[in-house]
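Work through the exercises below with the sequence and the model side by side. Try each task before reading its solution.

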Amino acid sequence: MDTIKGKFAFYFWGILFFLLYFKVFSYLWNQWVFGSLIPEPLGLISIMLIVLPAAFLTARFLVIKIPMTYHMIGVIGVLLFFSWSVYDDHREKGLDELNTYQEDKFKAMEFNFSDWRIEEKEPVEELLEFLSQYRVKKMKDSEWNGNVSGEKGFVVMVYLKDKTTGASIYENRILSFNKTSYYKVLNGPIDMEWIEAFEDKYEGFKP
């Protein structure tokens with residue numbers, strides 16, 4: 001670990017494992033501790049005294065036990081994976097791709113914040129097929145204008161067995177609730193008259 005490659009691998013894996021352990025710690029904290037009588041500063045102390053040392057101890061163990069050739073292969077693999085993730089996140093895509101609908105896991109869809117809720121798959125697939133004709137691309141957060149009072153739009157939520165996905169969709173831009181991402185419509189505006197007809201078609205599903 002005293003070589004340049006060894007030090008690089010140590011810090012590379014240390015940072016990577018810190019991000020991983022921090023994510024696990026944050027999930028457990030939000031699930032079991034957040035809102036309890038345990039003070040938040042204790043969480044920061046735990047990160048410094050438990051999460052950070054655990055990450056770099058894991059990295060040290062890997063660097064000592066695994067030949068350096070495999071570390072370099074692993075580093076290249078991780079970099080390629082993250083490069084692909086960044087590309088996939090920012091590439092042009094179909095609007096329907098923002099809702100990760102899976103037929104076998106579908107539970108229900110809500111339209112305009114429980115204006116109506118439906119458990120049949122046909123309306124969901126009809127809506128997604130309509131949205132698939134529109135192409136979108138990610139916007140910078142600074143490009144988003146939160147004032148949407150003068151725009152036509154709707155909100156759709158799709159509930160799956162293991163996750164919830166949804167978006168606020170306007171004529172020329174989208175607010176995806178998945179990681180709170182913003183998108184611009186490249187071939188808009190979205191036909192809101194079709195959306196109004198779609199809503200009227202399933203009017204009977206209002207509670």
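Two strands pair if DSSP finds at least two bridges between them. Helices (H or I, at least four residues) and strands (E, at least two) are DSSP runs, numbered from the N terminus. The model is predicted: local features need pLDDT of at least 70, side-chain atom pairs count only at pLDDT 80 or more, and totals for chains, interfaces and linings use all residues. Residues are numbered from 1 along each chain as its sequence is written, and side-chain values use heavy atoms, with hydrogens and water left out.

**Exercise 1. The sheet**

Task: Find the strand order of the open sheet, then locate its edges.

Solution:
- Step 1. Read across the eight strands: E1-E4-E8-E7-E6-E5-E2-E3, with antiparallel pairing.
- Step 2. The edges are E1 (93-94) and E3 (116-118); each has a single partner strand, so one side of each lacks a neighbour in the sheet.

**Exercise 2. Bridge partners**

Task: Trace the bridges from E1 through E4 and E8 to E7.

Solution:
- Step 1. Two antiparallel bridges join E1 to E4. Lys93 has Val136 of E4 as its bridge partner.
- Step 2. E4 and E8 share three bridges, again antiparallel. Val136 has Val185 as its partner in E8.
- Step 3. E7 (residues 173-176) and E8 (residues 181-185) are antiparallel over four bridges. Here Ile174 is matched with Tyr183 of E8.

**Exercise 3. Helices on the sheet**

Task: State which strands H3 and H5 lie across. Contact means heavy atoms within 4.5 Å. Axes are lines fitted to C-alpha atoms, for helices over the stretch in contact, and angles run from 0 to 180 degrees between N-to-C directions.

Solution:
- Step 1. H3 (residues 68-90) crosses E1, E4 (135-138) and E8, at about 130 degrees to E4.
- Step 2. H5 (residues 192-201) crosses E2 (106-111), E3, E5 (153-160) and E6 (164-170), at about 115 degrees to E2.

**Exercise 4. A helix pair**

Task: Describe how H4 and H5 pack.

Solution:
- Step 1. Two packed helices are described by the angle between their axes and the distance between the axes.
- Step 2. For H4 and H5 the angle is about 175 degrees, and the axes are 12 Å apart. They are therefore roughly antiparallel (angles under 35 degrees count as roughly parallel, over 145 as roughly antiparallel, 65 to 115 as roughly perpendicular and the rest as oblique).
- Step 3. H4 brings Pro123, Glu126, Leu127 and Phe130 to the contact; H5 brings Trp194, Ile195, Phe198 and Lys201.
- Step 4. By class, these are six nonpolar, no polar and two charged (Ala, Val, Leu, Ile, Met, Phe, Trp, Tyr, Cys and Pro count as nonpolar, Asp, Glu, Lys and Arg as charged, and the others, Gly among them, as polar).

**Exercise 5. Cavity and pocket**

Task: Characterise the linings of the largest cavity and the largest pocket. On a 1 Å grid over the protein atoms alone, a cavity is a set of points where a 1.4 Å probe fits but cannot get out; a pocket is an open set with protein on both sides within 12 Å along at least five of seven lines; lining residues have an atom within 4 Å of a point.

Solution:
- Step 1. Among the residues lining the largest cavity are Asn99, Met109 and Val156. H4 (121-131) and E5 each supply at least two, and H4 gives the most, four.
- Step 2. The cavity lining has seven nonpolar, one polar and no charged residues.
- Step 3. The largest pocket has 17 lining residues; Asp88, Asp89, Lys93, Lys179 and Tyr183 lie nearest its centre. H3 gives the most to this lining, with five residues.
- Step 4. The pocket lining divides into three nonpolar, six polar and eight charged residues.
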